[in-house]
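This report goes through one protein model, from the fold of the chain to single residues. Keep the sequence and the 3D view open while reading.

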Amino acid sequence: GLSRRYPIADRVFLYRDGGYQPAPTALPPGQDRHGCAAADLVGDACLDLFCVAGAERGAGGHDNELWEGDCRGGFTPVPGFGAEYPTGRSRLARALDLDGDGDRDLVASVFGEREDAQPNATSLFRNDGAAGFTRIDSCLSAQAGSRCLATPDLDGDGRDDIVACAARQGVDAYVELAGDRCRTFPVFAEPRRWQALAMAPLASGEGDSFVGATTLDEAPTVVVLQGLGVEPGAGAVAYRSGFRLALGAAFAACRVHSLALGDLTADGVAELVLTLVDAADPAARCRRAAELLLLGPTFRRAVALDSGPHRGPTFAAILNGQALRSGAQPGSPGVVDLASLPRGWPAARAAIDQRVPSP
């Protein structure tokens with residue numbers, strides 16, 4: 001969990017014995033962390049953390065961080081690793097393989113403008129092994145990925161690409177990022193406030209699908225493009241089929257806060273978890289239902305999740321076959337809980353089977 005600017009240490013939780021336990025290392029407070037990516041970044045087969053930091057709303061700066069993992073849940077800071085970028089108002093972090101060499105490279109997106117003329121743009125960092133990371137030029141727009149960021153291999157060439165959206169831009173795909181002819185394709189050219197994005201197969205054995213959340217006709221709407229990709233030489237993004245799902249007038253006063261895509265019932269088909277907030281007050285939960293579980297692959301059936309211990313908006317993830325919700329409000333403790341579904345849908349209700357209060 002990330003506390004951002006609050007004076008509370010950030011925590012890593014390890015999945016053990018069917019639940020999550022705090023890791024030995026807590027990340028010190030005061031860094032304005034907004035997002036972290038977990039991957040083997042130093043080449044020792046242990047998971048490391050790359051965490052990106054804001055810049056005091058564009059008036060200051062914080063270094064991005066690399067924390068080297070020891071495979072036992074401990075993490076040690078790595079100084080001078082090359083991707084600090086202290087002037088960036090960084091928001092999201094992802095690890096990817098830009099050049100097909102097997103090393104994990106990095107992308108860090110930014111949000112908003114600075115009050116001065118210091119550098120502040122979404123950036124790629126190439127992994128040069130023992131030499132650390134090097135920022136490289138690319139065709140990424142300055143604020144690509146400020147709202148959502150995914151790293152599939154769209155053209156099947158063994159090198160990861162990027163699908164990204166910004167606050168008031170369309171959704172774009174960036175292909176062949178490490179080459180000298182980086183290409184940009186619109187997935188959705190229309191500028192729109194995209195609230196969340198995920199990419200994963202909707203069913204086992206098929207290619208990545210795009211799932212995005214936005215507002216259409218004054219209602220929260222999920223847009224699905226199945227089998228998203230770029231055909232060699234086609235010059236455009238292609239997809240096998242697509243549909244959109246509007247939550248309807250009952251949810252007109254809400255908007256999507258986060259979404260998670262993954263298999264919760266071990267049947268090879270992905271489910272979708274949406275967390276919702278009040279459109280007029282993003283710090284308040286949607287009164288109609290703050291979390292919805294939609295059954296894949298068409299997402300036409302939905303179950304409202306019980307609020308459990310949560311009093312404010314939550315973020316969702318699907319990990320180890322369970323839906324994880326995390327959230328906190330100023331003055332109240334952060335809470336992480338898990339919702340599990342039995343195999344063989346339908347289930348009467350998603351049952352909260354574990355709650356892990358954060359310090």
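## Report on the model

Glutamate 176 is placed in the loop between strand 13 and strand 14 (183-188). Its relative accessible area is 9%, so glutamate 176 is buried. Its phi angle is near 55 degrees, which is a positive value in a residue other than glycine. Everything said here refers to a predicted model.

**The chain and its confidence**

The protein chain has 28 strands and zero helices. Of its 359 residues, 52% are buried. The accessible surface of the chain is about 15,900 Å², and carbon and sulfur atoms account for 50% of that surface. Among the contacts with a separation of 6 or more, 44% join residues that are 24 or more positions apart.

The mean pLDDT of the protein chain is 84, and 90% of the residues score at least 70. Which elements mark the two ends of the confidence range? Strand 5 (residues 65-69) has the highest mean pLDDT, 96, while strand 28 (residues 351-357) has the lowest, 38. The pLDDT is below 50 over residues 345-359, and this stretch has 45 contacts in the model beyond near neighbours in sequence.

**Aromatic rings**

Seven aromatic pairs turn up in a search of the whole structure. In one of them, phenylalanine 50 and phenylalanine 81, the ring centres are 6.2 Å apart and the planes meet at 75 degrees, so this pair is edge-to-face. An angle over 60 degrees is what places a pair in that class. Phenylalanine 50 belongs to strand 4 (residues 48-53), whereas phenylalanine 81 is in the loop between strand 6 (75-77) and strand 7 (90-96); the pair therefore ties together parts that are 31 residues apart in sequence. Both phenylalanine 50 and phenylalanine 81 are buried.

Another pair is formed by phenylalanine 188 and tryptophan 194, with 5.0 Å from centre to centre and 35 degrees between the planes, and it is tilted. Are the two partners buried or partly exposed? Phenylalanine 188 has 23% relative accessibility and counts as partly exposed, while tryptophan 194, with a relative accessible area of 3%, is buried.

Phe50 and Phe81 also belong to one aromatic cluster together with Phe133. Elsewhere, a charge meets a ring: the charged end of arginine 288 sits over the ring of phenylalanine 251, at 6.0 Å from the ring centre.

**Glutamate 84**

Glutamate 84 is in the loop between strand 6 and strand 7. With 18% relative accessibility, glutamate 84 counts as buried, because the cut-off for buried is under 20%. Which backbone atoms lie by its side chain? The side chain of glutamate 84 reaches the backbone nitrogen of glycine 80 at 3.3 Å. A polar atom of the same side chain lies 3.1 Å from the backbone nitrogen of glycine 82.

Leaving aside neighbours within four places in sequence, glutamate 84 is in contact with His62, Asp63, Asn64 and Pro79. From glutamate 84 to phenylalanine 133 the C-alpha distance is 9.4 Å, although the two are 49 residues apart in sequence.

**Other buried residues**

The table lists further residues with their places and relative accessible areas.

| Residue | Place | Relative accessible area |
|---|---|---|
| Aspartate 172 | strand 13 (residues 171-175) | 18%, buried |
| Leucine 264 | loop between strand 21 (254-262) and strand 22 (271-278) | 5%, buried |
| Phenylalanine 299 | loop between strand 23 (291-295) and strand 24 (301-304) | 2%, buried |

Not counting residues up to four places away in sequence, aspartate 172 touches Ile162, Val163, Ala164, Thr184, Phe185, Pro186 and Val187.

With the same kind of neighbour left out, leucine 264 touches Glu271, Val273, Leu293, Ile318, Gly321, Gln322, Ala323 and Leu341. How far apart are the C-alpha atoms of leucine 264 and serine 340? They are separated by 7.1 Å, and the two residues are 76 residues apart along the chain.

Phenylalanine 299 has a phi near 60 degrees, a positive value in a residue other than glycine.

Terms used. Residues are numbered from 1 along each chain as its sequence is written. This is a predicted model: local features need pLDDT of at least 70, side-chain atom pairs count only at pLDDT 80 or more; totals for chains, interfaces and linings use all residues. Side-chain values use heavy atoms; hydrogens and water are left out. Rings of Phe, Tyr and Trp (its six-membered ring) pair if their centres lie within 6.5 Å; planes under 30 degrees apart count as stacked, over 60 as edge-to-face and the rest as tilted. Helices (H or I, at least four residues) and strands (E, at least two) are DSSP runs, numbered from the N terminus. Buried means under 20% relative accessible area, exposed over 50%, partly exposed in between (1.4 Å probe, protein chains only). A charge sits over a ring if NZ of Lys or CZ of Arg is within 6 Å of the ring centre and within 35 degrees of the ring normal. pLDDT is the predictor's confidence in each residue, from 0 to 100. Contact means heavy atoms within 4.5 Å. Accessible areas come from the Shrake-Rupley method with a 1.4 Å probe; for residues, only the protein chains shown count as cover. A polar contact is a pair of N or O atoms within 3.5 Å; within protein, one must be able to donate a hydrogen and the other to accept it, and residues adjacent in sequence count only if both atoms are side-chain atoms.
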